[in-house]
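This report walks through a protein model, beginning with the whole chain and then turning to a few of its parts. Please keep the sequence and the structure in view while reading.

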Amino acid sequence: MIPRRVAARLSNSTSTPATTTLVRPFASTAWPQKSPALSDIRPDNAQDFGTKQQDFRTNLVELQRKKKEQERQSAQSQSASQAAKSSSSSITDYLDAEGMGSLSLSAGEAQRKQEQNPGRKKGPLSSLIYGTEEGREMDRDIERSFSQVLARGKYVHSIVFHEVKPNKVDEYVELVGSWYPRMANMPENKVHLVGSWRTEVGDCDTFVHIWEYQRYTGYHASLNSIQNHPEFAEFDKKLKKLIKSKKTSLMQEFRFWPTSPPRKLGGIFELRSYTLHPGNLLEWETHWQKGLAARREVMEGVGAWFVQIGDLNVVHHLWQFADLEERRANREQSWSVPGWGETVHRTVPLIQTMKSKIMMPMPWSPIG
């Protein structure tokens, strides 16, 4: 998938339908006080959702094509000496564009050496999965995951849960709706708002916000900048009067599932949270990398992240549907797609607990 930064830049020079514009829709105007609800979903919403979904996907393909064309033209114009000097940076950019994160050159060299010596024993995992060719391939996939460190290394994400007092929901929406877009729209804050949602089924009156930073350096810079804003103290004072609790975890996105750029498809969202048995994250990633291809044929994914600081061994998957009926139909249809049943069979034993939230996007949410 095309990186979010490139999608946002290219969309400025590309004529696209209004429903699929990829620039982040920030504004300084006040949002309506009424919080979105499931009752806002129309019974005939599925067709409109499907049209917007197709437009969004078509636009992404076109932006990816233009990006590759720009890269090709740029490469042709470089001299041999310039290419040599920038080779390390180019490889890193290429890996990130391919969703492989900050895979180091040394790791890549180690991988090539392993591939040149297939008979060499590769470590403790070889004694755990063996016998069939499928088992040996799984072993190779898992060991490759170790070298690639599971994640795309460029981004760090935070997921923030606010449990809001039921009689303070409207005040919360007004306060946060005027503050979050402002903070995300200031370049000096070095942060992007992925999205904001209100839980409608599950932990009701819980609001979920996902933020994106440029590595942990960006996270520290963002906290420092925002908390030193002259209006932050007043905002924080008001916020604390409106919520019962706040929980934050720091996450990274899986390398095979980059977070979606901004989009406005409408409908509902489902946040599925899995607590895995310790030590099973690599195996989870290996199976889901294959299973996601099957799921994408019938469902619209937003992103997948694993927690690094906070609730450890937790994985979050975020999906988008036109409505609850389409969710039911799509999940049933998944079982007819080759590969999905095998993914479920392999991953269910890895799970300790799982939770599901049905959420509505807030008006200021870039993904909605």
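How many helices and how many strands does the protein have?

## Overall make-up

The model, which is predicted rather than determined by experiment, has 12 helices and 8 strands. Of the 368 residues of the protein, 48% count as buried, and the surface that the protein exposes comes to about 18300 Å², with carbon and sulfur atoms supplying 53% of that area.

Among the contacts in the protein with a separation of 6 or more, 84% are accounted for by residues 24 or more positions apart.

## Helix H7

Helix H7 runs over residues 169-184, and its 16 residues reach 22 Å from the first C-alpha to the last, which is close to the 22 Å expected at 1.5 Å a residue. H7 nevertheless contains a kink of about 25°, and this kink is centred on Val 176, a residue that is itself listed among the buried residues of the helix.

The other buried residues of H7 are Val 169, Tyr 172, Val 173, Leu 175, Gly 177, Trp 179, Tyr 180, Pro 181, Met 183 and Ala 184. Their cover includes strands S1 (155-164), S2 (191-201), S3 (206-214) and S4 (243-253), together with the helices H8 (215-227) and H9 (232-242).

## Helix H9

Which residues of H9 are buried? They are Phe 232, Phe 235, Leu 239 and Leu 242; seen down the axis of H9, these buried residues fall within an arc of 85°, and they therefore line one face of the helix. On the other side of H9, the exposed residues are Ala 233, Lys 240 and Lys 241.

The cover over the buried residues of H9 includes S1, H7, H8 and S4. H9 is in turn listed in the cover of the buried residues of H7, and so the two helices appear in each other's surroundings.

## Ser 365

Is Ser 365, which lies in the segment after strand S8 (351-361), buried or exposed? Ser 365 counts as buried because its relative accessibility is 0%, whereas the cut-off for that class is under 20%.

The side chain of Ser 365 reaches the backbone nitrogen of Ser 196 at 3.1 Å, and Ser 196 belongs to strand S2, which spans residues 191-201. Ser 365 and Arg 263 are 102 residues apart in sequence, while in space they are 9.3 Å apart, C-alpha to C-alpha.

Methods. Residues numbered from 1 in each chain as written. Predicted model: local features only at pLDDT ≥ 70, side-chain atom pairs only at ≥ 80, totals over all residues. Heavy atoms only, no water. Helix = DSSP H or I, 4+ residues; strand = E, 2+ residues; numbered from the N terminus. Expected span 1.5 Å × (residues − 1). Bend = angle between axes of the 7 residues up to and from the residue. Buried < 20%, exposed > 50% of the residue type's maximum accessible area, 1.4 Å probe, protein only. Contact = heavy atoms within 4.5 Å. Arc of directions from axis to C-beta. Polar contact = N/O pair within 3.5 Å; in protein donor to acceptor, adjacent residues only side chain to side chain. Areas by Shrake-Rupley, 256 points an atom, 1.4 Å probe, with all protein chains shown as cover.
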